[in-house]
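Dear colleague,

I am passing the structure on to you with this message, and my notes on what was found in it follow below. Please read them with the coordinates open beside you.

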Amino acid sequence: MMQQDTNGQPGRRAIALLVAATFFMENLDGTIITTAVPAMSRAFGVATDQLSIGMSAYLLTLGVFIPASGWLAERAGARRVFVGAIALFTVASMLCGIVSRLDLFVAARVLQGIGGAMMVPVGRLIVLRTTPKEGLIAAIATLTWPALVAPILGPPVGGFIVAHASWRWIFYLNLPLGLLALAAASRLIPHTAPRPGKAFDWLGFLLAGGGIACAVIALDTLNQRDVAWPLKAAWAVAGAALLALAARHLSRADRPLLNLRCLGVPTFAVSIWGGSLFRVAIGAVPFVLPLMLQSAFGYDPFHAGLMMMAVFAGNLSIKPATTAILRTWGFRRVLIANGIANALALGACGLLTAQTPVPLVLLILFAGGVCRSIQFTAINTIAFADVPEDQMTDANTLFSTVMQVTLGLGIAIGASTLRIGQVFAGDTAAAFQWAFVLLGIIALAGILDSLGLDKQAGGHLIKDPSPRAPK
């Protein structure tokens, strides 16, 4: 058990902010290099499409190694693993900026992915263990913004750096941030006692990691026209088979790497099943929307990225009111009503044209940012509402794995919806309309399991703690 935070509420808030900052650093690196690909391909002397392996290697490493984070945090202590992960991520970032060959860059990205895979779930576990139930909404809201903001800020920040400096500064930017995070973690994170005894589930690790890797590769190759269909099908079949075997093993093993028994908690199950569909749809937006603004509307990469700032503004503006919204309406109502609003906002993006007035475009993007911010906070908070303390590590590891994989798959799903749109509408702006409609349907499907939630689900998290005057 982690020691209680001796600094009280201010100390807990500082820990949540520190963990959120490391999340932001990790999430930003997943998307910031998209605008730097042409410059990097020239530096490495390779074709532009070969650089996709740098992004895929990072996402694959995250998906494969996150399941091991919970076991490592228990075995070595959460504080030690978190600090070590920050150090590894920082050093790997420096290596990404120094290397001059593609193979070395991919190796550095794998190291970076291992650091990120430990940093994200272990950091969340630290926050969960140092935060009482009544403070969970505020803490989760703090941890939510990196997943919302980083994919939006990545393209414009990357475009600005490439335009005014070297692409290598995209990675050097992590050096001062990492050093500051290391200093803060050493001071703020409570010491933890290791819990030896649980053997590592190598079979679960290999099956789950292999299945995730094959699934990501299958979706990535699905959108590559130069890859033969038999090979695409082989990756898909291998991924499905390995994941099925992993599910069978994890449900029967005494001490599985990923404990699927946590899915017996209804509020946690909603965050996994419906939450995954929501995250896939939202994860596609940073890919599909900038591409539409550039390819169909004629924006340059930097200004397309700037338009995405309207989504960022929506994310931030609603944060102070999220707790009050949940207290007023409850988790079930918010998940359903706001989930519908989020799906409509995605569909509305498909109605935009090059002639749509800019203020209206910004308004739609702003509204979408508001909806997804509320939904993220609600889903991520209710996930741990009813999880017993002795299952918190297992639930956090499973949640972190599913969250990272589904957000990463969002880009591949977004590309797939666009390809479907091109089949029906050709390489025109109408293809983007199809893509956003399909993404809206995926997001809408994510609210179905919320319909079965109890009306009072998560109610103990949103009780107003302020004293009331007697009547």
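**Aromatic groups**

A single aromatic cluster is formed by Phe65, Trp71, Phe200, Trp202 and Phe205. Please bear in mind throughout that this is a predicted model. Within the cluster, Phe200 and Trp202 make an edge-to-face aromatic pair, with 4.6 Å from centre to centre and 75° between the planes. The two partners differ in their cover: Phe200 has a relative accessibility of 18% and counts as buried, because buried means under 20%, whereas Trp202, with a relative accessible area of 56%, is exposed.

The count of aromatic pairs comes to 14. Another of them joins Trp169 and Tyr172, also edge-to-face, at 5.4 Å centre to centre and with 85° between the planes. Both of these residues belong to helix α7, which covers residues 169–172, and they stand three residues apart, about one turn of the helix. Tyr172 counts as partly exposed, at 21% relative accessibility, a value that falls outside the buried class because that class is limited to residues under 20%.

**Charged side chains**

Lys232 is placed over the face of Trp229, 4.2 Å from the ring centre. As for salt bridges, the structure holds one, and in it the side chains of Arg101 and Asp103 meet at 2.7 Å, taken from N to O. Arg101 is partly exposed, its relative accessible area being 45%, and Asp103 likewise counts as partly exposed, at 45% relative accessibility.

**Nonpolar cores and a surface patch**

The largest nonpolar core has 73 residues, and the members that touch the most others in it are Phe82, Phe268 and Phe384. Helix α5, residues 102–130, supplies the largest share of this core, with nine residues. Separate from it is a second core of 42 residues, whose members include Leu60, Val64, Met292 and Leu418.

On the surface, Val91, Met94, Leu95, Ile98 and Leu111 make a nonpolar patch of about 380 Å². Helix α4, which runs over residues 78–98, gives the largest share of that patch, namely four residues, and Ile98 is one of the residues placed in helix α4.

**Two C-alpha separations**

Which residues might you look at for separations along the chain and in space? One case is Ser450 and Trp273, which are 177 residues apart along the chain while their C-alpha atoms are separated by 9.7 Å. Ser450 is found in the segment after α16 (429–445), and at 3% relative accessibility Ser450 counts as buried.

The other case is Leu291 and Gly305, whose C-alpha atoms are separated by 9.8 Å, with their positions 14 residues apart along the chain counted as the distance apart. Leu291 lies in helix α11, residues 266–295, and counts as partly exposed, at 28% relative accessibility.

With best regards

Terms used:
Residues are numbered from 1 along each chain as its sequence is written. This is a predicted model: local features need pLDDT of at least 70, side-chain atom pairs count only at pLDDT 80 or more; totals for chains, interfaces and linings use all residues. Side-chain values use heavy atoms; hydrogens and water are left out. Patches are made of residues with over 30% relative accessible area and no salt bridge: like charges are joined within 9 Å, nonpolar side chains (Val, Leu, Ile, Met, Phe, Trp, Tyr) within 5 Å. Accessible areas come from the Shrake-Rupley method with a 1.4 Å probe; for residues, only the protein chains shown count as cover. A salt bridge is a side-chain nitrogen of Lys or Arg within 4 Å of a carboxyl oxygen of Asp or Glu. Helices (H or I, at least four residues) and strands (E, at least two) are DSSP runs, numbered from the N terminus. A nonpolar core is a set of buried Ala, Val, Leu, Ile, Met, Phe, Trp, Tyr and Cys residues joined through side-chain atoms within 4.5 Å. Buried means under 20% relative accessible area, exposed over 50%, partly exposed in between (1.4 Å probe, protein chains only). Rings of Phe, Tyr and Trp (its six-membered ring) pair if their centres lie within 6.5 Å; planes under 30 degrees apart count as stacked, over 60 as edge-to-face and the rest as tilted. A charge sits over a ring if NZ of Lys or CZ of Arg is within 6 Å of the ring centre and within 35 degrees of the ring normal.
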